[in-house]
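Let us take a walk through a protein model together, stopping at a few residues and helices along the way. Keep the structure open beside you and look for each place as it comes up.

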Amino acid sequence: MTPSDSLAGALSGSATAQVLVLGAAGFLGLNLVDALVANGITPRCARRKRTNVLALRQRKVPMVQVDLDSSEELLAAMAGVDVVFHLAGHYPRFSLDTGAALKTGLGQLDRVLDAAAASQVRRLVYVSSTATVAPAADRSSTEADVFSGPPGFGTYHDLKWHMERRVSQESRLEIITACPGACLGPWDLRVGTSAMLVALGRGLEVPHPDGVVSWVDARDVAEGLVRLGGMHKPPHRVLLSAGSVRLQALLELAGARYGVTPSKPLSAAEAIAFADAEEARAHAQGGRAALARELVDLIIHGVHLDATLARVTLGLVFRPLEDTLAAFDEWARRVRILPPTLKPTP
């Protein structure tokens, strides 16, 4: 019996009232919904009022409107719930105001934890970030490597550190923290971590810094979360990463699919200056930054990760990068994020 089997067995009979996914309409959320359904579990799916839920409707799963600023909506969504998967932690659009990001992120997290405790939720699986993983001196970093204080690399890193610390202090219910690397694969409808792949596929310039990227297929993260939700004695913190590579090498591998050679990377200083200018422009004029500051910070401060715990304790077998890139390519063409007629180079 696999760990995911145990969750399906524990929740059989009334699964729609016993599992709640916060952030179900997002990139990782859609993959988690698919993994739960594949394991015999029909989750209750939380969605914000203005969220595009077409992909969720296609999956024919029950939905409930939840704003993380509303304690009442959170309480209603968690009624009768045994396991909550929290994938909706605040992700600031810009890195311009750390104080405001901390206020929003911690306030929303407190409301989620308060509602879970009041609803007698048994377990909450919280999805954090590898931004909270500290470098190790002479080895790859593991779950034991955590910054002793806010890293100070930028808004995103500091926000995720504070949120994970808050979760670690929770004593009213069981909390399991998962730290996935850069998620790639199908269903990145908002084109977040896949933005550079889409730009390559369209033959566009891809400004980027040099550094380490710990990547993982979103489908493998989803399966790992399902197993964390159902294990009898899961680890309290687990890293989910298929491997760590230089970003330039990853872009060159992806670019080869489209006959494109990525540009040389920017220096750390150049990338930070470019991202800051782009965020200021997008904040003033609207639209998206050509390079987000949090991505720059994640890359230039990236560390090599050791995901042995996920492989051994959860029994995860991570997909190879080539398989993930191929799956993303097929999906992106199908939904017209990439031109459907362009054929990748064999």
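Find the loop between α5 (98-118) and β5 (123-127): Q120 lies there. This is a predicted model, and in it Q120 has a phi near 60°, a positive value in a residue other than glycine. Most residues other than glycine have a negative phi. Is Q120 buried or exposed? With a relative accessible area of 69%, Q120 is exposed, because that value is over 50%.

Now turn to W187, in the loop between β7 (182-184) and α7 (195-201). W187 is not a glycine either, yet its phi is positive, at about 80°. Its relative accessibility is 16%, so W187 counts as buried. A positive phi also turns up just after two helices: G40, which follows α2, has one near 85°, and R336, just after α13, takes one of about 70°.

**The chain as a whole**

Let us step back for a moment. The protein chain holds 13 helices and 10 strands. Its radius of gyration is 19 Å, close to the 20 Å that the globule rule gives for 346 residues, so the chain is as compact as a globular protein of that length. Along the principal axes, the C-alpha atoms fill a box of roughly 55 × 45 × 45 Å. Of the 346 residues, 55% are buried. Take the contacts between residues at least 6 apart in sequence: 76% of them join residues at least 24 apart. The accessible surface comes to about 14900 Å², and carbon and sulfur atoms account for 53% of that.

How confident is the predictor? The average pLDDT of the protein chain is 92, and 94% of the residues score at least 70. Over residues 12-17, however, the pLDDT is below 50, and this stretch has 9 contacts in the model beyond near neighbours in sequence.

**Two helices**

Helix α2 covers residues 27-38, which makes 12 residues. At 1.5 Å a residue they should span 16 Å, and the end C-alpha atoms are 17 Å apart, which agrees. The helix is mostly covered, with 9 of its 12 residues buried. Which residues of α2 are buried? They are F27, L28, G29, L30, N31, L32, V33, A35 and L36.

Helix α13 can be checked in the same manner. Its 14 residues should span 20 Å at 1.5 Å a residue, and its end C-alpha atoms are 20 Å apart, which agrees. Its buried residues are L321, T324, L325, A327, F328, D329, W331, A332 and R333. The elements that cover them include β7, α7, β8 (212-217), α8 and α9 (247-256). When you look along a helix, remember that an α-helix has 3.6 residues a turn, so residues three or four places apart point the same way.

**Three residues and their surroundings**

Here are three residues to compare.

| Residue | Where it lies | Relative accessible area |
|---|---|---|
| H86 | strand β4 (residues 83-86) | 1%, buried |
| L225 | helix α8 (residues 218-230) | 0%, buried |
| R319 | loop between α12 (308-313) and α13 (321-334) | 30%, partly exposed |

Start with H86. Leaving out residues up to four places away in sequence, H86 touches L22, L68, L109, V112, L124, V125, Y126 and V127. A polar atom of its side chain also lies 3.3 Å from the backbone nitrogen of A88.

Next comes L225. Which residues does L225 touch, not counting those up to four places away in sequence? They are L28, L32, F85, L87, V125, V127 and A178. Two of these, L28 and L32, are among the buried residues of α2. For a sense of distance, the C-alpha atoms of L225 and G149 are separated by 27 Å, and the two residues are 76 residues apart along the chain.

Finally, visit R319. Not counting residues up to four places away in sequence, it touches W215, D217, R219, D220, A242 and T324. With D220 there is a polar contact of 2.3 Å between the side chains. R319 and F27 are 292 residues apart along the chain, while their C-alpha atoms are separated by 18 Å.

Terms used:
Residues are numbered from 1 along each chain as its sequence is written. Side-chain values use heavy atoms; hydrogens and water are left out. Helices (H or I, at least four residues) and strands (E, at least two) are DSSP runs, numbered from the N terminus. The expected span of a helix is 1.5 Å times one less than its number of residues. Buried means under 20% relative accessible area, exposed over 50%, partly exposed in between (1.4 Å probe, protein chains only). A polar contact is a pair of N or O atoms within 3.5 Å; within protein, one must be able to donate a hydrogen and the other to accept it, and residues adjacent in sequence count only if both atoms are side-chain atoms. Contact means heavy atoms within 4.5 Å. The radius of gyration is taken over C-alpha atoms; the globule rule is 2.2 Å times the number of residues to the power 0.38. Accessible areas come from the Shrake-Rupley method with a 1.4 Å probe; for residues, only the protein chains shown count as cover. pLDDT is the predictor's confidence in each residue, from 0 to 100.
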